[in-house]
Structure formats: C-alpha cells, structure tokens
Amino acid sequence: MIERIVIIDQVDPQTFYGVNNANISLIRNLFPKLRMAARGNVIKVIGEEHETAEFEKKIKEIESHAAKYNKLTEDAIIDIVRGEPPMEVNAEGVIIYGQNGKPIAPRNANQTRMVKSFNQNDLTFALGPAGTGKTYIAIALAVHALKNKLCRKIILSRPAVEAGEKLGFLPGDMKDKIDPYLQPLYDALEDMLPPLKLKEYMEAGTIQIAPLAFMRGRTLNDAIIILDEAQNTTRHQMKMFLTRLGMNGKMIITGDTTQIDLPRSVQSGLLQALRILKGVRGIGVIEYEKKDIVRHPLVQRIVDAYEKRETEVSGELDATDPSLPSE
C-alpha cells in the first residue's frame, strides 16, 4: 500500500467536489478499492501503486474537463473514469465556458471579426455604441488566453474621467475610490471565472485591474492588456498606454466615440490614435454598429432616440447661428 497526493490546481475545489461533495462521493464509489480523503485542494489516496496511479490520471482528466467547461457533471465523471470521452457540447465558435458552463461565443458578425482580429494582430481597436459586447468579448479572449497558458497575466484598465475632485468625496482608500470606475470589468470577470479562482488570480497579480494613471512606467510582457472606455483618454494618456506593450503581449482598446466625457477643449486620445495609426501593420480596427447591440432590445431604441434628438438640436443651433448667411 502507498499514499499518493493529488493536487487540484486548475479549478475551484468547490466546482470539482460538487454540491454537498456529491462529485467526490461518486468518485469514491467508482474507486471502491482505494481509501481517500479530500480537504481543500488536496486529495490523499491510499491503495496499490498501480491503482493510485490510475486514480491520479483520471482525476487530472476530470479536472481538465472541469477547467474547460467551468462545470462538472456526474455523467462526465463516469464517462472519464470508464475511459469513454464525455459528451461534448457544440463548441463551434465558443471562446470560453463561463460560470456554470455557460458558453461565451460571438453573437454577431462584428464580434466574430473581433475574435479573428485578436488572433491575427497584436493591437485591436473595437469601436461602437454601448451594449455591443466589445468589453465582454475582449475579456473573454483574455481569459481564454490565460487559461490556455498563452499569456501569464491579464491587465485591465480604464480612465477615471472624474478622477480629480469627485473622487475625494468617496469614502475609503484609493482602491475604494477607483473601484466604482472599474466595476464593469469586475462584472465581466465574475461571469467567466469561479469566485475563488478569480480571487486567487487577483491576489497573485495574475489578473490586475487598475486605472490608466497607474500604467505609467510599466512594460507589460506576456500579457493581454485591455483598455476600456478609451474615448475618455487624453492624447498623452493614449500614447503612454500604447507604448506599454511588451514582448509576447497583445492589446485590445475599446471605446465609443459618441460618448466622450472629456472637457470640450481636450481632444480624445482615441480619435487621434485612430488617425495616426491608420494603415499600420499589426493593428486591427473593428467598428460596431447600432444593429450589433446585444443588450435588451430597448437599448437600441434608446440609442436611436438620442441620436435623433442630437441631430435635431444640432440643426436648431445651425439655424440660429448668426455667423451663417441669411437667406
């Protein structure tokens, strides 16, 4: 008899063990000759050497399956232990499987183009109105790269447009003050990674979320770097961000050029970058449209209504401008 220790390090142990440890109970029944104890992410098993070796092999296969699909069913466990391939979900176009095995895949042609651009280029601009899924797909691509060891870390950033006066009135330390600006990034990550795994990644610095001002002076190697709400960067901020790209790194920059919150006297760094970098090899630009909005159908009608009103207001201002020649 020997004792063998198996470490569960690819998935959250709660996902692996199942509700009320149902999965580990099933595994015990499938290996009746072995004595085992599971605690945290460690499984200790005692038995004959060849049987414990087979146990470890099967556990690692089960763990890999759980890591891929972000869930683990009893049927999958039984199939793997019996040496049969578990039933595959239709994975066409799927980037990753989110919480509870939810497939995350492109939902329109421009999202598909964004995935293709990310695979072919080191810098991708994704432009378009709110609700088109630009940021969500960008984070899904980054998580996929991390899980498949195509990068060592993910860096997510946003400009805190109101970072001057108003932040001072928010309670707490600097992290507490900037977190409200970064919450959309947390929301997307929580939809794609189990809570304990996400916490582990963030505590280890594997996933970092920081305001744009914190990026100065860094060189980001082996990383997927995402800049969200880039229309609110200044020209100097955008140049600073673009020059952070290191070896074996990729960048995705998302923004909506119709929602610039900068003072009117300040030019958007995103607009300038698009002009300067037009035609540069290794850069892809995806332009989403209103028809690509994947939120509630009402969102698209709201966007249409606002655009219509802005056009009307612009026309009224032109009609009353004294500098225009009268008829």
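The exercises below concern helix α5 and the nonpolar cores of this predicted model.

**Exercise 1.** Determine what end-to-end span helix α5 should have, and compare it with the model.

*Solution.* Helix α5 comprises residues 109-120, that is, 12 residues. At 1.5 Å a residue, the expected span is 16 Å. The end C-alpha atoms lie 17 Å apart, which agrees. At the N-terminal end, asparagine 108 serves as the cap of α5, with a side-chain oxygen 3.3 Å from the backbone nitrogen of asparagine 110.

**Exercise 2.** Establish which residues of α5 are buried and which elements they pack against.

*Solution.* Buried means under 20% relative accessible area. The buried residues of α5 are Asn110, Gln111, Met114, Val115, Ser117 and Phe118. Because they cover an arc of only 165 degrees around the axis, they fall on the same side of α5. An α-helix has 3.6 residues a turn, so residues three or four places apart point the same way. Lys116, Asn119 and Gln120, on the other side of α5, are exposed. The buried residues pack against β6, α6, β9, β10 and β11.

**Exercise 3.** Describe the largest nonpolar core and identify the element that supplies the largest share of it.

*Solution.* This core has 35 residues, and Met114 and Val143 are among those with the most contacts inside it. Elements that each supply at least two of its residues include α5, α6, β7 and α7. The largest share, 9 residues, comes from α6. Beyond its neighbours within four places in sequence, valine 143 contacts Ile96, Ile154, Leu189, Met192 and Leu193. A second, separate core of 23 residues includes Val6, Phe55, Ile62 and Ile78.

Key. Residues are numbered from 1 along each chain as its sequence is written. This is a predicted model: local features need pLDDT of at least 70, side-chain atom pairs count only at pLDDT 80 or more; totals for chains, interfaces and linings use all residues. Side-chain values use heavy atoms; hydrogens and water are left out. Helices (H or I, at least four residues) and strands (E, at least two) are DSSP runs, numbered from the N terminus. The expected span of a helix is 1.5 Å times one less than its number of residues. Buried means under 20% relative accessible area, exposed over 50%, partly exposed in between (1.4 Å probe, protein chains only). The arc is that of the directions from the helix axis to the C-beta atoms. Contact means heavy atoms within 4.5 Å. A polar contact is a pair of N or O atoms within 3.5 Å; within protein, one must be able to donate a hydrogen and the other to accept it, and residues adjacent in sequence count only if both atoms are side-chain atoms. A nonpolar core is a set of buried Ala, Val, Leu, Ile, Met, Phe, Trp, Tyr and Cys residues joined through side-chain atoms within 4.5 Å.
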